[in-house]
Amino acid sequence: MSTFGDDLIRSLSEAVAHAKGEGPAVVHAPVAPREVRERARLTQAQMAPLMGMSLSGYRKWEQGTRGISGPAAILLRVIEKEPEAVKRALAPGG
């Protein structure tokens, strides 16, 4: 079998294992962007740039029409705990 075929079979096997809750995949706990934003006392317009995204994209998260990736979920957790640190890191000259 070709290398591509081997890779495809391995990928599908990993996907099945992940669906069964097995294997090395990292699963992040769900995070509610609206709750994080409200606890940080930010508006949607203030939150979107902290997440590095457009306002309309951020709104889709809050509406549940757009999924949140693993790295974005981690950034939301950081904003939840240390919003000022993220603001400092993203400030000009920061």
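## A salt bridge between α2 and α5

The side chains of R39 and E80 meet in a salt bridge, with N and O 2.3 Å apart. This pair links distant parts of the chain: R39 sits in helix α2 and E80 in helix α5, 41 residues apart. E80 is partly exposed, at 24% relative accessible area. The pair does not stand alone: salt bridges that share partners join E35, R39, R77 and E80 into one network. The model is a predicted one.

## Other salt bridges

The structure holds seven salt bridges. One of them pairs R37 with E62, the closest N and O atoms being 2.6 Å apart. It too links distant parts of the chain, with R37 in helix α2, E62 in helix α4, and their positions 25 residues apart. Are these two partners buried or exposed? R37 has 11% relative accessibility, so it counts as buried. E62 counts as buried because its relative accessibility is 10%. Buried here means under 20%.

Another salt bridge joins R10 and D7, at 2.5 Å from N to O. Both residues lie in helix α1, three residues apart, which is about one turn of the helix. In general, an α-helix has 3.6 residues a turn, so residues three or four places apart point the same way. R10 is partly exposed at 46% relative accessibility. D7 is partly exposed as well, with a relative accessible area of 34%.

## Around R37

R37 belongs to helix α2. Beyond its neighbours within four places in sequence, R37 is in contact with L42, T43, Q44, M47, Y58 and E62. The salt-bridge partner E62 is thus one of its contacts.

## The nonpolar core

The largest nonpolar core has 16 residues. Those with the most contacts inside it are V36, M47, M51, Y58, W61, L76 and I79. Which elements give two or more residues to this core? They are α3, α4 (55-63) and α5 (70-81). Helix α5 supplies the largest share, four residues. In soluble globular proteins, nonpolar side chains tend to be buried together.

M47 is placed in helix α3. Its relative accessibility is 0%, so M47 counts as buried. Neighbours within four places aside, M47 is in contact with V36, R37, L42, Y58, L76 and I79. M47 and R34 are 13 residues apart in sequence, and their C-alpha atoms are 9.7 Å apart in space.

M51 has its own set of partners. Leaving out neighbours within four places in sequence, M51 is in contact with Y58, W61, A72, L75, L76 and I79.

## Helix α1 and its surface patch

Helix α1 covers residues 3-19. At 1.5 Å a residue, its 17 residues should span 24 Å; the end C-alpha atoms are 24 Å apart, which agrees. After α1 comes G21, with a positive phi near 80°.

F4, L8 and L12 form a nonpolar patch on the surface. Together they have about 330 Å² of accessible area. F4 lies in α1. F4 counts as exposed because its relative accessible area is 61%, where exposed means over 50%.

## The loop at R41

R41 lies in the loop between α2 (33-39) and α3 (44-50). Its phi is positive, about 55°, although R41 is not a glycine. R41 has 76% relative accessibility, so it counts as exposed.

Definitions and conventions: Residues numbered from 1 in each chain as written. Predicted model: local features only at pLDDT ≥ 70, side-chain atom pairs only at ≥ 80, totals over all residues. Heavy atoms only, no water. Buried < 20%, exposed > 50% of the residue type's maximum accessible area, 1.4 Å probe, protein only. Core = buried A, V, L, I, M, F, W, Y, C linked by side-chain atoms within 4.5 Å. Contact = heavy atoms within 4.5 Å. Expected span 1.5 Å × (residues − 1). Patch = residues over 30% accessible without salt bridge, like charges linked within 9 Å, V, L, I, M, F, W, Y side chains within 5 Å. Areas by Shrake-Rupley, 256 points an atom, 1.4 Å probe, with all protein chains shown as cover. Salt bridge = Lys/Arg side-chain N within 4 Å of Asp/Glu carboxyl O.
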